[in-house]
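Welcome, and please open your viewer. We will take a short walk through one protein, stop by stop, and at each stop you will select something and look around.

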Amino acid sequence: AKESIFTGTNNFASYSVLDRDFSGYFGFSEDEVERLLSAAGRTDRADVIKEWYDGYVFGNSYVYCPWDVMNYIAALSRRKDAGPGNYWKHTSHNGILLTFVNRKDFRVKSKFETLMNGGTIVQTISDELTYDTLHSSEDNLWSVLLMTGYLTKADINEEEGTVRLKIPNREIAT
């Protein structure tokens with residue numbers, strides 16, 4: 001209440017997964033994962049980690065999910081034969097997504113089938129959703145899935161304002 005209207009807290013800048021600024025800071029690069037595996041003495045698991053936890057595109061950076069990489073390396077330190085796990089699925093509730101999927105007026109089944117079969121879909125994405133408009137369109141479903149990491153950018157058509165989306169990795173596909 002004591003701050004002026006021109007302070008940084010009133011002029012907050014946010015960046016989405018589509019923005020290039022700072023995009024390399026929201027995950028581990030391949031080089032960073034290789035260094036982590038080397039330090040843990042587990043470079044033999046590089047292909048597994050890539051298949052399960054890589055595939056995210058933030059801006060113009062290709063990154064691994066740091067939460068999953070660290071959890072899997074920790075599991076490997078406890079058990080030499082640890083397999084990859086779905087560490088992400090218990091980190092939040094999917095209530096918002098379920099309200100979208102259960103809507104009868106959205107025709108999303110064939111798009112989900114395309115994605116689950118390794119394909120891509122092209123959608124209009126908004127990175128400025130608010131809770132009061134969140135459920136107002138099917139496009140918002142795809143925007144939420146992209147912004148929350150269930151999908152990632154395969155490429156973007158800035159002229160048309162569309163993004164080609166895909167499932168980023170095996171963990172999310174499961």
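How many positive and how many negative side chains does the protein have, and how far apart do the centres of the two sets lie? Colour the charged residues and take a look: there are 19 positive and 25 negative side chains, and the two centres are 8 Å apart. Keep in mind as you go that this is a predicted model.

**Stop 1: the whole chain**

Show the protein as a cartoon. You should find 7 helices and 5 strands. Starting at the N terminus, the elements follow the order α-α-β-β-α-α-α-β-α-β-β-α. The C-alpha trace spans about 50 × 50 × 35 Å along its principal axes.

Now switch on the surface. Its accessible area is about 11,100 Å², and carbon and sulfur atoms account for 52% of that. Of the 174 residues, 35% are buried. Among contacts with a separation of 6 or more, 61% link residues that are 24 or more positions apart in the sequence.

**Stop 2: the largest nonpolar core**

Hide the surface and select W142, L151 and L165. These residues touch the most other members of the largest nonpolar core, which has 23 residues. Next, highlight β1 (56–58), α4 (95–101), α6 (138–147) and β5 (162–166), since each of them supplies at least two residues of this core. The largest share, 5 residues, comes from α6. As background, nonpolar side chains in soluble globular proteins tend to be buried together.

**Stop 3: around W142**

Zoom in on W142. Which residues does W142 contact, leaving aside its neighbours within four places in sequence? Select V108, K111, F112, L115, I121, Q123, I125, L151 and L165 to see them.

**Stop 4: along α6**

Is α6 mostly covered or mostly uncovered? Mostly covered: 8 of its 10 residues are buried. Pick them out as E138, N140, L141, W142, S143, V144, L145 and L146. Then show what lies over these buried residues, which includes α4, α5 (109–116), β3 (121–124), β4 (152–157) and β5. Following α6 along the chain brings you to G149, where phi is positive, near 95°.

**Stop 5: a second core**

Zoom out, then select F28, Y64, Y72 and A82. They are among the 14 residues of a second nonpolar core, separate from the one you visited earlier. To finish, show this core in one colour and W142, L151 and L165 from the largest core in another.

Terms used:
Residues are numbered from 1 along each chain as its sequence is written. This is a predicted model: local features need pLDDT of at least 70, side-chain atom pairs count only at pLDDT 80 or more; totals for chains, interfaces and linings use all residues. Side-chain values use heavy atoms; hydrogens and water are left out. A nonpolar core is a set of buried Ala, Val, Leu, Ile, Met, Phe, Trp, Tyr and Cys residues joined through side-chain atoms within 4.5 Å. Buried means under 20% relative accessible area, exposed over 50%, partly exposed in between (1.4 Å probe, protein chains only). Helices (H or I, at least four residues) and strands (E, at least two) are DSSP runs, numbered from the N terminus. Contact means heavy atoms within 4.5 Å. Accessible areas come from the Shrake-Rupley method with a 1.4 Å probe; for residues, only the protein chains shown count as cover. Lys and Arg count as positive and Asp and Glu as negative; His and the chain ends are not counted. The place of a charge is taken as NZ of Lys, CZ of Arg, CG of Asp or CD of Glu.
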